[in-house]
Amino acid sequence: RKTPRTDTRGLIRGSETAALPPAKTFNGPQRPPVSRLFEVSIWRFFRLLTDWWVGAVRLVTPLYVAPFYLPLLAALWAFGLRLVIALAMFAAGLAPRLSTMQSG
C-alpha cells in the first residue's frame with residue numbers, strides 16, 4: 001500500500017485539506033527581566049522567615065523522614081497548631097462569634 005505524497009504546502013495530492021498551522025500560545029504581557037540579585041534576596045528573606053520553623057519541626061520529626069519533605073511537614077504542623085489554638089480560644093470564649101452583634 002502506498003502512502004499519499006504531499007506537496008510543499010502540506011497538501012495531500014488530490015485532496016483539498018490543508019495541514020493546520022502550528023498553534024500560537026499567548027504568554028501574557030512581556031515583562032522586563034528581573035535581576036538575579038533581586039531573586040536571590042527574595043529567596044534569602046523567605047529562608048530567614050521559615051528556617052526557624054523548619055528547624056523546630058526537624059526536632060520533633062523522626063530522622064527517617066527525608067529533608068525534602070520537611071517544609072511540607074512544617075506547613076502541616078503550623079496548620080495543626082493554628083487549629084488547636086483556635087479551638088482553645090473558642091472554648092475559652094475569646095474567639096469572635098458568627099452571630100450578629102447587638103447595637104447598644
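Of the 104 residues in the chain, 8% are buried. The structure described here is a predicted model. Its secondary structure consists of two helices and zero strands. The accessible surface of the chain amounts to about 10500 Å², and carbon and sulfur atoms account for 67% of this area. When contacts between residues at least 6 apart in sequence are considered, 10% of them join residues at least 24 apart.

The helices and the loop between them were examined next. Helix α1 covers residues 36-60, and helix α2 covers residues 70-92. With 23 residues at 1.5 Å a residue, α2 should span 33 Å, and the computed separation of its end C-alpha atoms is 33 Å, so the expected and computed values agree. Gly93 follows α2 and has a positive phi, near 80 degrees.

The loop between α1 and α2 contains Thr61. This threonine has a relative accessible area of 8% and is therefore buried, the limit for that class being under 20%. The side chain of Thr61 reaches back to the backbone oxygen of Val57, at a distance of 2.5 Å. When neighbours within four places in sequence are set aside, Thr61 is in contact with Leu70 and Leu73. Leu70 and Leu73 both fall within the residue range of α2, whereas Val57 falls within that of α1. Thr61 thus has a polar contact with a residue of α1 and contacts with residues of α2.

Aromatic side chains were also considered. A search of the whole structure finds three aromatic pairs. In one of them, the ring centres of Trp43 and Phe46 are 5.7 Å apart and the ring planes lie at 35 degrees, so the pair is classed as tilted. Trp43 and Phe46 are three residues apart in helix α1 and are therefore separated by about one helical turn. In general, an α-helix has 3.6 residues a turn, so residues three or four places apart point the same way. Phe46 has a relative accessibility of 42% and so counts as partly exposed.

Another pair is formed by Phe68 and Tyr69, whose ring centres are 5.2 Å apart; because the planes of these rings stand at 85 degrees, the pair is edge-to-face. An angle over 60 degrees is what this class requires. The two residues of this pair fall into separate accessibility classes: Phe68, at 69% relative accessibility, counts as exposed, while Tyr69, at 46%, counts as partly exposed.

Definitions and conventions: Residues numbered from 1 in each chain as written. Predicted model: local features only at pLDDT ≥ 70, side-chain atom pairs only at ≥ 80, totals over all residues. Heavy atoms only, no water. Helix = DSSP H or I, 4+ residues; strand = E, 2+ residues; numbered from the N terminus. Buried < 20%, exposed > 50% of the residue type's maximum accessible area, 1.4 Å probe, protein only. Contact = heavy atoms within 4.5 Å. Areas by Shrake-Rupley, 256 points an atom, 1.4 Å probe, with all protein chains shown as cover. Expected span 1.5 Å × (residues − 1). Polar contact = N/O pair within 3.5 Å; in protein donor to acceptor, adjacent residues only side chain to side chain. Phe/Tyr/Trp six-rings, centres within 6.5 Å; stacked < 30°, edge-to-face > 60°.
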